[in-house]
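Reader: I would like a close look at the sheet in this model and at the side-chain contacts around it. Please take the strands and then the contacts, and explain the reasoning where a classification is made.

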Amino acid sequence: MKSKSVKNSLTLMCLMIVLVSVIVIGGISISNISTMTSTANKNYENARLDGYNTEIKSQVQSVIAILQAEYDKSQNGDLTEDEAKKEAAEIVRNMRYRDDGSGYFWIDDTDYNLVMHPILPDQEGNNRYDLEDQNGVMIIQEIMKVAQSADGGGFNEFYFTKSDGVTVAPKVAYSQIFKPWGWVVSTGNYVDDMQAEMASVENSISSSFVALCIVIAVVAVIMAVI
């Protein structure tokens, strides 16, 4: 009888050790995966934001190269300066980037006049010195500050109306000056669009985390039964 009691105690003790081990290992695994998932989401967000900024900067630089090519034509006598400017403006007007073609460029001159804007062609020629967003940011004045800085370009943040003509959203823009003509080329990303795209990927990562937790829980149950 005593032997049976000792055997039962040992069995119960072994069972408790197994259960505690399974719970501890499962808990540590889930905690580590949660930390890794959170880190992955943060790293992805930072990398994606850097990627967005790099994209718009490189796109503007590609436009600057086109302006330089048109300027060279005028210097070589192939076109007059006015013809070169008109041709350059029309090339840039029709340029798009991103898969959905949502990326576009606009040009202001250093006198704050809108030279070209594919979404707002009716405003071309208007002086936009006093253009202000809902938070009091003087949009074109700030663009000119970074464009005429020692770097010849830079980033700005402001609120602006989206292409639907209704939605006002925060925008991150990059601008760079083309000195021979005093033109400042700009393009940008709307923050809500960036956040929506990043949220989609982050949700996918979170779903993978949940799936892993379920797998760990199932394995823990199986180990406990065994």
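Author: What follows describes the sheet, then the ring pairs, the salt bridges and two residues with an unusual backbone angle. The model is a predicted one, and the description should be read with that in mind.

The sheet is open and has five strands, which run in the order β2-β1-β5-β4-β3 with antiparallel pairing. Its edges are formed by β2 and β3, the latter covering residues 153-161, and each of these two strands pairs on one side only. From one strand to the next, the twist averages 35°. Within the sheet, strand β4 (residues 168-178) and strand β5 (residues 183-190) are joined in the antiparallel sense over eight bridges, and in this pairing Ala 173 stands opposite Gly 188 of β5. Helix α3, made up of residues 139-147, packs on the sheet, where it touches β1, β3, β4 and β5, and its direction makes about 170° with that of β3.

The edge strand β2 can be examined through Val 115, which lies in that strand. With a relative accessible area of 24%, Val 115 is partly exposed, because this value is not under the 20% that would make it buried and not over the 50% that would make it exposed. Leaving aside residues up to four places away in sequence, Val 115 touches Ile 107, Asp 108, Asp 109, Glu 124 and Trp 183. The C-alpha atom of Val 115 is separated by 9.9 Å from that of Lys 86, a residue 29 positions away along the chain.

Aromatic side chains come next. A search of the whole structure finds nine aromatic pairs, and one of them is formed by Tyr 71 and Phe 178, whose ring centres are 6.0 Å apart and whose planes stand at 75°, so the pair is edge-to-face. Because Tyr 71 lies in helix α1 (residues 2-75) and Phe 178 in strand β4, this pair ties together parts that are 107 residues apart in sequence. Both classes of burial follow from the 20% limit: Tyr 71 counts as buried because its relative accessibility is 19%, and Phe 178 is buried because its relative accessible area is 3%. Ring pairs also link Tyr 71 and Phe 178 with Trp 181 and Trp 183 into a cluster, and Trp 183 is among the residues that Val 115 touches. A ring is involved in another way at Tyr 190, where the charged end of Lys 162 sits over the ring, 5.3 Å from its centre.

Charged side chains form the next group. Side chains of opposite charge can pair when their charged atoms come close. The structure holds eight salt bridges, and one of them involves strand β1. Arg 128 forms a salt bridge with Asp 108, the closest N and O atoms being 3.0 Å apart. Because Arg 128 lies in the loop between β2 and α3 whereas Asp 108 belongs to strand β1, the pair ties together parts that are 20 residues apart in sequence. Arg 128 and Asp 108 are both buried, and Asp 108 is also one of the residues touched by Val 115.

In helix α1, the side chains of Lys 73 and Glu 70 meet in a salt bridge of 3.2 Å, N to O. Lys 73 and Glu 70 are separated by about one helical turn, because they are three residues apart in helix α1. Lys 73 is partly exposed, with a relative accessible area of 30%, whereas Glu 70 is buried, with a relative accessible area of 5%. Salt bridges that share partners join Glu 70, Lys 73 and Glu 87 into one network.

Arg 98 brings together a salt bridge and an unusual backbone angle. Arg 98 is placed in the loop between α2 (81-93) and β1 (106-109), and its salt bridge with Glu 55 has its closest N and O atoms 3.8 Å apart. Because Glu 55 lies in helix α1 and Arg 98 in that loop, the pair ties together parts that are 43 residues apart in sequence. Both partners count as partly exposed, Arg 98 at 28% relative accessibility and Glu 55 at 24%. Most residues other than glycine have a negative phi. Arg 98, although not a glycine, has a positive phi of about 75°. Tyr 112, also not a glycine, has a positive phi of about 75°, and Tyr 112 lies in the loop between β1 and β2 (114-116).

Definitions and conventions. Residues numbered from 1 in each chain as written. Predicted model: local features only at pLDDT ≥ 70, side-chain atom pairs only at ≥ 80, totals over all residues. Heavy atoms only, no water. Helix = DSSP H or I, 4+ residues; strand = E, 2+ residues; numbered from the N terminus. Pairing = 2+ DSSP bridges. Axes fitted to C-alpha atoms, helices over the stretch in contact; angles between N-to-C directions. Contact = heavy atoms within 4.5 Å. Phe/Tyr/Trp six-rings, centres within 6.5 Å; stacked < 30°, edge-to-face > 60°. Buried < 20%, exposed > 50% of the residue type's maximum accessible area, 1.4 Å probe, protein only. Lys NZ or Arg CZ within 6 Å of the ring centre and 35° of its normal. Salt bridge = Lys/Arg side-chain N within 4 Å of Asp/Glu carboxyl O.
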